[in-house]
Amino acid sequence: MSRHLFDLSNNCGIPGDKGLIIGMWNPASVFTVTEIPRSPAKYYNNASRPLSPSGIKISSISSDSKKNVVFASIEDSIYVLQNFSIWQNTSTMSLAFKGRSPSLSQIAFDHISNNLYWCDSLMKWIAMKPAYMDNTMFKVVVYKNLRLPLGLALDPEDGLMFFSDDDSNSRIEKASMDGTNRSVIVHTGLMWPIALSVDATNNLLYWADYYRHTLEVSNYNGSNRRVLRRNNYVPVTGLHYDQNILHAVSVESKLLFGVDTKSGSTLYAVHITEGQPFTVHVYNAEVSKTYTDPCITHSCQHMCVNTPSGATCLCAEGYQLSSDAMTCTDRSRFYEKGFIFSNATVFFMIDVHSVNGRQSEMKHLKSPSANIETFAVNSNSHIIYFVDSSNNTLKEFNIITEQTRILASVLNARDLIFDWNANLLGWIDLSQSNIQVFSLNSWTISTIYSGLEQPVSLTVDADHGYLFWISGTSAKSILRGNWNRNDYSIIVSSSSLDNPGSLYYDVTSHRIYWLDNSLIKSSMVNGTDIKTYSIITFGATRAFAYKDYFGWTSGSTIYFARKFVSTSEDSFNLVPNMKGVTVFDSSLQQDNRGTCHFLNGGCENICIPLQSGRKCQCDLGLKLQPDLTCDNDIYMTNFIVVSDFTHGRILQIDLNTGNVTKLPIITQKPSAIMLDKSTMELYFSDYSTKSIMSSTLHGKNKTLVHLTGLAFVEVMAIDHSTGNIYYTAVGSTTIQSYIGVVKRFNSLHKTLLSKLQSPRAIVLYPSKGIMYWTEYENVPQIGRSYMDGTSKNYIVTNDLGLPNGLTIDFETSRLYWTDGRKNRIEYSDLNGGNRHILTTDTDAVLMKIVISGQHLFYTAWNRQRITKMDKSTGSKITFMSKHPELGRLDSLAIFADEIVDVNPICSKKNGGCSTFCFPTPSGRACGCQDNVNLQSDQKTCEGVILCPSSIENAVMSSSCSRRAGESCEITCLEGNTSHSIVCTSEGTWNQDTRRLCLIRLCPSTIKNGKLQSVFISGLGRITLEKDIPNVEKASLTGVYIGSSVGGFIIIVTFITAIFCFIKRRKPPIFKASSETQSRRHFNIQMGHKTFTMKVAGICASVAPIQSTPSPKQGG
């Protein structure tokens, strides 16, 4: 089988030939720099080889400089450039392998055993082949638990490979070069590790994280991880290590640069104008080291790789290693992975690489004397189950032995499915409209559901045990049931469907797909998130999903396309009268339960795949709970909050220990952050939604405060006098950049300063009525104005690079700022004079800064920690350790037991202003929201809505202005109790004022009696007018206590008289009867005691009169 693909007998490296090879986009070319840069230069000699068509993409480059060969991954193929020269005047290009998915993943060359490895992101595996052997010979070495393999690097001397996978929890793994002994070495703080490279001499792994904008390094086991460099806004797509330099390119920035791996400093940087550089490779024919290939002594039939335990033989796909561990045997006449289809009598198969346009032989197997109606596959056992309609039997066909056996008798069976977890076969019985099941364990048939309305297109989710089918006549729906016969339900109703068919569950995406006329649609397994794909499948009768591809059949042709394109990319003619088509791939028929690929392994945060099963872990600072959720201990005093912009999280740092924990607040791209120390509310802005939000530290009561439109919020500051939020906003133009203020209680907004040059930091001095801010565009400067935006001037205008942070030391009346370009911290007096440099932090890109007591704290984009230092001396103080998994730390706020600065006028009743109270050096100025004028009283804004002045049964405080956001005190007329109520922005009080001060009255009717009511200052006086006989029981209860002094005296006198009477004669227990009508009794209930009294000649009986005491009055 093995044969040489190229004649390399005359190939040899050109002595001294070395330089950089760059894969270029737009236009496509192989671009070379004819030396290996190590220091800055204005120009480097270069050469270019254009590729056709110009729109193709080169995703990765590797080389065998000993043989003068370069490998290039271009679209769906890997090519070889023979007789390569760095000047590109002699090379020829030929095909090395076709069938690799057109993706952005890496290739790597094993320079010891001459093997070529590649990641296939869409096929979700890592494969290899002998670099110079037959194009058809390859081996998938890693496939389990892979979602999107991207980066790849080899250390052939140690027999190791490293690869990255962009899963829901991105990670980097290490494995032997035969794909065994996998282990996760980095799994936190990764976003899209797109490119890897190794320093084999020092056993170091380097990688570029595209979305973190970082170049990072760790030991081979993942320890001692550090961020070598963060190039903000420069996402790296390719890198290669060579002799203590990390060479990198950015396709977006059109940049080639080199980084010193010891210091992290940039050694050179070149802006490339010839195109967009996507990948870079160091080519060096100066071979100074020789290697012994351990495979030379192994007579492997197909391929040999070096592993940590020595040379190992491997067999190509579809072959099995013999017991001698060297030779390979063909397992069956079918491919190891592919697509099986049939007509009435024969099973056919095409290779799985057909999805990438690779032509392969159509193989076939025939089950004797069968009429194939429907079939399903068990790819792990190499078995095809099918219904033979010639004798109405369910059969099993072994692909390897090519033997057939009968399992059961069936009638009118269609849409056969196989559940590899439950070991069950299911089908639709058309004659009975039933779904039936055959157990491969017990060999029994039973009915799952019966009496269905024309069910068709049965499919199964083996991990959940869900069954899906289409049901209905004119109006069709998608239904879901299960093997347990639980009630089935409609998950996609007919209103969302037109003419659905060919239902298919995809294990990779955990979605169901179906054809709807000529469109492919999908949904989650509960019917939500319905998607319609752009691809058009004219005349399709069957469709299926395979990893990141679609396949469908029309007539005798099968078509393939990537899921995100709009037309078919490859097609093959099959056979007429096809009965069905299905995927044959054992990697898709695994038990995913208990793994990271099924419900994230049950983990709330991070799921780490293991050789068997998974392990749950939590994000930074969180603790894993027994139920696999994550929790943390939130600090309520002495802490710092900081925004991690890169990873979309807000962190809390203990001021005493420097320990870090993640707050349970959901956000996408937090930029500014601010803490209201009086309410412990956290305010944060989100770059992606252009909004200001508020929340508790525990993530509760998340509220939208303000939307900023086209601009995003850079920094926020709170005026503790009023609670107003000041912020800087940056838009795409100067007109869209401004400083605004929001009244947080009702979200009213006012623009204070407009048309600024990219404002960033802002800080307030309310007691002096002044605010400061920085601008960094064109002329960097620090501005100052009153807090109402008037009296604007610039106090620092020279020797500034990138003023990113501002803070005020209220004790010393100093203004501190950070300079991200000059990487220093300076301070001045409050007028910008007496400037001094406090400290420098080389290459840090200093950002925000705060002061607490004697110390200041700052963030820096190139520091994965918060730095603490003495504000007077600039000496750094040990505080927080480095956390390489942290992203770009932007804004920070501090909470400590310190007095906040307030304006004495605005802090009391909003300074008498209806809307905004702005502190000024002379006191305060009232202001209105945008486009609203202040009235002549200079306090009230036009159209201000006031809350009602009249409160039923209560008196309002005279200082209450009844404006939105104001809290007012009212006092009830009865009981003299007080309540606090707040005026809302709708002009209503936040409580039902009718129920706050209720007047409580006695009942207006008396059973068997008549009331004559006279109200004197709230007192109800009761007169019983005449005797009503023949009542079994007599009693009298209670009085109503009013506010009249006269009434109170009457009641006290009456009670005293009764008390004296009782003391003179102890009342017997008496029950009225017809024989004792001449002696009457009645009860008086006072509080919790009841007094019984004998009375003659008043009345026969009086029903109870009860007085209900006020809870606040205590009776």
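A salt bridge is taken here as a side-chain nitrogen of Lys or Arg within 4 Å of a carboxyl oxygen of Asp or Glu. The model is predicted, and local features accordingly need pLDDT of at least 70, side-chain atom pairs count only at pLDDT 80 or more, and totals for chains, interfaces and linings use all residues. Residues are numbered from 1 along each chain as its sequence is written, and side-chain values use heavy atoms, with hydrogens and water left out.

By the salt-bridge rule, the count comes to 40. One of these pairs joins Glu336 to Arg331, with the closest N and O atoms 3.8 Å apart; Arg331 is partly exposed, at a relative accessible area of 27% (buried means under 20% relative accessible area, exposed over 50%, and partly exposed in between, with a 1.4 Å probe and protein chains only). In another pair, the closest N and O atoms of Arg649 and Asp619 are 2.8 Å apart. Arg649 lies in strand S58 (residues 649–654) and Asp619 in the loop between strand S54 (614–617) and strand S55 (623–624), so the salt bridge ties together parts that are 30 residues apart in sequence; strands are DSSP runs (E, at least two residues), numbered from the N terminus. Arg649 is buried, with a relative accessible area of 5%, and Asp619 is likewise buried, at 17%.

The side chains of Arg994 and Asp992 also meet in a salt bridge, at 3.1 Å from N to O, where Arg994 counts as exposed at 56% relative accessibility and Asp992 as partly exposed at 34%. A network of salt bridges links Asp165, Asp167, Arg171, Glu173 and Arg182.

Technical notes:
Helices (H or I, at least four residues) and strands (E, at least two) are DSSP runs, numbered from the N terminus.
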